[in-house]
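Colleague: I should like to learn how to read burial, strand pairing and salt bridges in a structure. Could we take them in turn?

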Amino acid sequence: MKLTSDKSMITKSRRLVTFFIEPYEDTADIAGALTGVFDKACAVVRSPFGEHRMPLEVSGNPSLIRKSLEGISITEIEIGEGSGRSDLIFIIDCKNRDLTCIGPLEYDFYSLLKEHGLEFGI
C-alpha cells in the first residue's frame with residue numbers, strides 16, 4: 001500500500017489516514033488482517049445488491065472472509081468493533097482501491113498496520 005493522505009478533521013478531533021491499495025494486493029487479505037484489530041470484529045460488505053453484515057464467526061476469521069467474498073462484486077468493506085465501543089473504523093473502497101483509517105487524532109495507524117502484517121510506503 002502507499003500512503004496518500006494523513007489529515008485531521010479538527011472539528012471532531014478525528015484523524016483520517018488513506019492508503020492506496022496496489023493492484024497486486026488482495027482486499028480480502030487486507031480485510032482479514034484488519035479484523036484482527038478488534039476483539040469482536042464486525043465487517044459490513046457493500047455490493048451493487050446492497051449491504052451485507054458478515055456474521056461474527058466470519059468477520060473474525062481471515063480464511064472465512066476470503067471464502068465468503070469469492071464471486072461477489074464488492075464495492076466497499078467497512079470494519080469495526082461489533083460489540084461495545086471503539087473509535088476505530090477501517091473502510092476498504094474496492095472500486096478506487098483505497099483503505100481509509102478513521103480514529104482519534106493522536107492514534108498511530110502506522111504501527112497498528114505493521115503489527116497486523118500490513119506493509120506500506122510513501
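Modeller: Let us begin with burial: a residue counts as buried when its relative accessible area is under 20%, and as exposed when that area is over 50%. Please keep in mind that this is a predicted model.

Colleague: How many residues of strand β7 are buried?

Modeller: Strand β7 covers residues 98–104, and 6 of its 7 residues are buried, so this strand is largely enclosed by the rest of the structure.

Colleague: Which strands pair with β7, and in what sense do they run?

Modeller: Two strands are taken to pair if at least two bridges are found between them. Strand β2 (residues 14–20) runs antiparallel to β7 and is joined to it by 7 bridges. Strand β6 (residues 89–93) also pairs with β7 in the antiparallel sense, over 5 bridges.

Colleague: Which residues of β7 are the bridge partners of Leu-16 and Ile-92?

Modeller: Leu-16 has Ile-102 as its partner, while Ile-92 is matched with Leu-99. In the hairpin of β6 and β7, 4 residues lie between the strands, and Arg-97 takes a positive phi near 60°.

Colleague: Let us turn to charged residues. How many salt bridges does the whole structure hold?

Modeller: The general idea is that side chains of opposite charge can pair when their charged atoms come close. Here the cut-off is a side-chain nitrogen of Lys or Arg within 4 Å of a carboxyl oxygen of Asp or Glu. A search of the whole structure finds 5 such salt bridges. One of them joins Glu-22 to Lys-2, with the closest N and O atoms 3.9 Å apart. This pair links distant parts of the chain, as Glu-22 lies in the loop between β2 and α1 and Lys-2 in strand β1, 20 residues apart.

Colleague: Are Glu-22 and Lys-2 buried or exposed?

Modeller: Glu-22 has a relative accessible area of 13% and is therefore buried, whereas Lys-2, at 41%, is partly exposed.

Colleague: With which residues does Arg-46 form salt bridges?

Modeller: Its partners include Glu-51, at 3.0 Å from N to O, and Glu-76, at 2.8 Å from N to O. The pair of Glu-76 and Arg-46 links distant parts of the chain: Glu-76 is in strand β5 and Arg-46 in strand β3, 30 residues apart. Salt bridges that share partners join Arg-46, Glu-51, Glu-76 and Glu-78 into one network.

Colleague: How accessible are Arg-46, Glu-76 and Glu-51?

Modeller: Arg-46 is partly exposed at 22% relative accessibility, and Glu-76 is partly exposed at 23%. Glu-51, with a relative accessible area of 51%, is exposed.

Definitions and conventions: Residues are numbered from 1 along each chain as its sequence is written. This is a predicted model: local features need pLDDT of at least 70, side-chain atom pairs count only at pLDDT 80 or more; totals for chains, interfaces and linings use all residues. Side-chain values use heavy atoms; hydrogens and water are left out. Buried means under 20% relative accessible area, exposed over 50%, partly exposed in between (1.4 Å probe, protein chains only). Helices (H or I, at least four residues) and strands (E, at least two) are DSSP runs, numbered from the N terminus.
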